Amino acid sequence: MPDVAVPGAAGTARARGAVVYGLLSLAGMEVALPLSALREVVSCPAEFSPLPATVPGLLGAMVLRELPVPVLDLRAGLGGGSDPHGERVVVILAHDGRLLGIVGDRLRGITPLPEGELHAVRAQGDPLLFSAAFRHPVDGDVISVLDVAGVLGLPGVPTVREPARSAGGAVAVTAGDAGPARRGARRTLTLLRCGDHVLALDAAHVHTTLAGAAPRPSVLDSDVCRGVRDYGDREVAVVDLLTVLGLGHLPAGELEPGAGLVLDLGRGYVVLALSAVLDIVEVDAGAILPVPAFSTHRPDLVSGMVEAERFGQCLVLDGEVLRADADLRAYGSVNTSTVQPVTGAAGAGTSGTGASGTGAGGSGPPIDRGPSYLTYSLGVDVCSPLDQVVEILPFPATWTPTGVGSEVLGIVLHRSGAVPVLCTATLLGREPAVPGPATCLLLVRADGEQVGFAVEALRSIDPLSWRERSGAGARTPLESLHSAPLVRVGGSERLLPEVDLVALARRVRGDVPDAESPGEPALVF
């Protein structure tokens, strides 16, 4: 197998107090190593050079870039079986300026972990080779933290001195690293394969990596979104990075292995669908050559091109611009909790037309363009502030009719509450359509109560670019689309009616809407 990357996790320093661990399958167990002690992961050679030492599990030495590194097999000592014919990797450990390789089954990825979630482990008698344990935040597996100092300090185990590093040389990636700016003339890049393309992203922008779960279908599915998958207690959109870059689509067969890179957008997460994580490399910043803007579909997302050893030419992505991309941030803002409903910013009754750029997925840094809007169909396309929608649900196969009228279709149970299902088209004076495969519910929280608005189909998520100036005096309750203010979203020039779903829910309940101040200025972004 090719060398496996340990994606740099400097970006996880955004979560204060988090330590980043590399995860390794070893002797049928899952173990973790702090990234500060993990130098790289390489393929296990077919043979090792013998060493004049008799230590249980010592396989010999391998040559790593002209440096002989002793390699130890811990699997028997940890109580697991050893399969000499299976595909294996060698993990290069570093401690106090000394290097040692240990054999493992495979590298599983990386994960950040807050300090409070790490639990010390002790035993009477012989010292343990692992010093702590934690529960994996995604799949719940128990992970044992290998005691690197204890392994390198085992009696009789040979180690080799780590080569000195020059001021401009390689720099270890740790959770406290501030990113590319502190590396001077060096850039640490994570190499990714997406279909036939090799891409590179600064290690500082890699939050964590995932594997082993293909995305599930979702009402968010589009050319960009290929489904959703669980990350911790959230259901997160899986985004086709090739489509975002205008390079086509990731083949459907490449989605099955479930490789993904989690991108922290500040206001939520997205998973970038990958074919594989290839390697981590350090390059001179000057080796990244600029790419003429006219030659790529998204020149704003491409910072250059570099020649990567063993993998050839690859496009280097601008991580900061990628994290600020309006489409990705829109998908990040609708992360759905798998534990309990997420209360959106509109829960306090706001109309969501402010320019803060904060979505339902949580607070975060403002973006340059306006807040995100969800465009959907009621026979005609309309849109609503995305921060009013706390969850998007498939249209229920059954519900309990209430006989209230044509506006209220019935009640469904969702999580721990009874949710009224409203016919949005009827509420706005339009003829409702027969529910189809694309019909879904927009779950909205108004004054602490949840309601579901049935819509025919979702269209897109785009930032607000212009909003019609309000007329003088208080706005009257929205009775039909003819009385709705007009907005423009994304790069489109068409005008769409804006539906205030929170106000619409209050109207159904018979509440009096809050008056708006006269002469509200137009929002222009």
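How much accessible surface does the chain have, and what share of that surface belongs to carbon and sulfur atoms? The accessible surface comes to about 23,300 Å², and 54% of it belongs to carbon and sulfur atoms. The model on screen is predicted, and residue numbers start from 1 along the chain.

**The whole chain**

Show the chain as a cartoon. There are 7 helices and 33 strands. Of the 525 residues, 51% count as buried. Among contacts with a separation of 6 or more, 65% are made by residues 24 or more positions apart.

**Stop 1: aromatic pairs**

Select Tyr 21 and Phe 134. The structure holds 3 aromatic pairs, and Tyr 21 with Phe 134 is a tilted one, at 5.5 Å centre to centre with 35 degrees between the planes. The two residues come from distant parts of the chain: Tyr 21 sits in strand E1 (residues 18–26) and Phe 134 in strand E10 (residues 130–135), 113 residues apart. Both Tyr 21 and Phe 134 are buried.

Now select Phe 395 and Trp 399. Their rings make an edge-to-face pair, 5.4 Å centre to centre, with 80 degrees between the planes. Which of these residues is buried, and which is partly exposed? Phe 395 is buried, because its relative accessible area is 19% and the limit for buried is under 20%. Trp 399 has a relative accessible area of 30%, so Trp 399 counts as partly exposed.

**Stop 2: strand E11**

Go to Ser 144, in strand E11 (residues 142–146). Ser 144 has a relative accessible area of 18% and is therefore buried. Display what lies around this residue: beyond four places in sequence, Ser 144 touches Glu 30, Val 31, Ala 32, Phe 130, Ala 132 and Ala 133.

**Stop 3: helix H2**

Select Thr 243, which lies in helix H2 (residues 241–245). With a relative accessibility of 19%, Thr 243 counts as buried. What does the side chain of Thr 243 reach at 3.0 Å? The partner is the backbone oxygen of Gly 248. The side chain of Thr 243 also makes a polar contact of 3.1 Å with the side chain of His 249. Gly 248 and His 249 are among the residues in contact with Thr 243 when neighbours within four places are left aside; the others are Asp 223 and Val 224.

**Stop 4: the nonpolar cores**

Select Leu 263, Leu 374, Tyr 376, Leu 442, Phe 453 and Leu 501. These are the residues with the most contacts inside the largest nonpolar core, which has 92 residues. Strand E19 (residues 269–273) gives the most to this core, 5 residues in total.

A second core is separate and has 14 residues, including Cys 44, Leu 67, Leu 99 and Val 160.

Return to Leu 442 and show its contacts. Leaving aside neighbours within four places in sequence, its partners include Leu 374, Tyr 376, Phe 453 and Leu 501. Val 389, Glu 391 and Ile 392 are also in contact with Leu 442, as is Val 451.

**Stop 5: strand E30**

Move to Val 451, in strand E30 (residues 449–455). Val 451 is buried, with a relative accessible area of 8%. Its contacts beyond four places in sequence are Val 419, Pro 420, Leu 422, Leu 442, Leu 443, Val 444 and Ala 505. To check a distance, pick the C-alpha atoms of Val 451 and Leu 441: they are 9.1 Å apart, for residues separated by 10 places along the chain.

**Stop 6: helix H7**

Ala 505 leads to helix H7 (residues 501–509), where the buried residues are Leu 501, Val 502, Leu 504, Ala 505 and Arg 506. Which elements do the buried residues of H7 pack against? They pack against strands E24 (372–377), E25 (381–385), E26 (389–394), E29 (440–446) and E30, and against helix H6 (424–427).

Look at both ends of the helix. At the start of H7, a side-chain oxygen of Asp 500 comes to within 3.2 Å of the backbone nitrogen of Val 502. After H7 comes Gly 510, with a positive phi near 90 degrees.

**Stop 7: cysteines**

Finish with Cys 194 and Cys 423. Cys 194 counts as buried because its relative accessibility is 0%. Cys 423 is also buried, at 9% relative accessible area. How many disulfides are there? The count is 0, taking a disulfide as a pair of cysteine sulfur atoms within 2.5 Å.

Conventions:
This is a predicted model: local features need pLDDT of at least 70, side-chain atom pairs count only at pLDDT 80 or more; totals for chains, interfaces and linings use all residues. Side-chain values use heavy atoms; hydrogens and water are left out. Rings of Phe, Tyr and Trp (its six-membered ring) pair if their centres lie within 6.5 Å; planes under 30 degrees apart count as stacked, over 60 as edge-to-face and the rest as tilted. Helices (H or I, at least four residues) and strands (E, at least two) are DSSP runs, numbered from the N terminus. Buried means under 20% relative accessible area, exposed over 50%, partly exposed in between (1.4 Å probe, protein chains only). Contact means heavy atoms within 4.5 Å. A nonpolar core is a set of buried Ala, Val, Leu, Ile, Met, Phe, Trp, Tyr and Cys residues joined through side-chain atoms within 4.5 Å. A polar contact is a pair of N or O atoms within 3.5 Å; within protein, one must be able to donate a hydrogen and the other to accept it, and residues adjacent in sequence count only if both atoms are side-chain atoms. Accessible areas come from the Shrake-Rupley method with a 1.4 Å probe; for residues, only the protein chains shown count as cover.
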